[in-house]
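Please go through the sequence and the model below with attention to one buried side chain and its polar partners, and then to the pairing of strands in a sheet.

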Amino acid sequence: MFTARFIDQGSNPLLELTNECDQTLKSIEILTVFLKDEITPGGGPSQAHIKFETIKAIQPKEKAVLAHRTWINGVPVDPARDQLGRLKAIEGKAKPYVLDISWQDPEGKTRFQRIPVGH
């Protein structure tokens, strides 16, 4: 139903979702993405996560850029410490994260999709 891509806007990337179907989809939500700890050797509890805004609706073939916020240790951080770039895929590298997307179809049924991302 959706395709996702990262677009560069200045120094920070943004996430763009495209509704690839021929129906209007409502209440689009991406679950919070918890990032692997980069400081603790061998990994540790997630210190950073990214929250995305909920979108009310996306028309067929329409694109939407989602606002997001990075949180580190329970505190929102300034744009200089944004972590969305870690969700951009790098060719030939594993994709350790997923965008878990939920939405309502025209009949009001909740649907789900997972899109692998990251590096």
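In this predicted model, the side chain of Thr70 makes a polar contact with the side chain of Asp82, at 3.0 Å. A polar atom of the Thr70 side chain also lies 3.0 Å from the backbone nitrogen of Gln83, so that the residue following Asp82 in the numbering is addressed through its backbone, whereas Asp82 takes part through its side chain.

Where along the chain does Thr70 sit? Thr70 has its place in strand β8, which covers residues 68-72. Thr70 counts as buried because its relative accessible area is 1%, and the cut-off for that term is under 20%. When the neighbours within four places in sequence are left aside, Thr70 is in contact with His49 and Ile50, with Val75, Pro76 and Val77, and with Arg81, Asp82, Gln83 and Leu84; Asp82 and Gln83 in this list are the residues already described as lying within polar reach of the Thr70 side chain.

We can turn now to the sheet. Three strands form an open sheet in the order β1-β2-β7, and their pairing is antiparallel. Its edge strands are β1 (2-9) and β7 (63-66), each of which pairs on one side only, and from one strand to the next the twist averages 30°. In general, the strands of a sheet pair through backbone hydrogen bonds, in either a parallel or an antiparallel manner. Strand β2, made up of residues 12-19, runs antiparallel to β7 and is joined to β7 by 4 bridges. Within this part of the sheet, Leu15 stands opposite Leu66 in β7.

Terms used: Residues are numbered from 1 along each chain as its sequence is written. This is a predicted model: local features need pLDDT of at least 70, side-chain atom pairs count only at pLDDT 80 or more; totals for chains, interfaces and linings use all residues. Side-chain values use heavy atoms; hydrogens and water are left out. Two strands pair if DSSP finds at least two bridges between them. Helices (H or I, at least four residues) and strands (E, at least two) are DSSP runs, numbered from the N terminus. Axes are lines fitted to C-alpha atoms, for helices over the stretch in contact, and angles run from 0 to 180 degrees between N-to-C directions. Buried means under 20% relative accessible area, exposed over 50%, partly exposed in between (1.4 Å probe, protein chains only). A polar contact is a pair of N or O atoms within 3.5 Å; within protein, one must be able to donate a hydrogen and the other to accept it, and residues adjacent in sequence count only if both atoms are side-chain atoms. Contact means heavy atoms within 4.5 Å.
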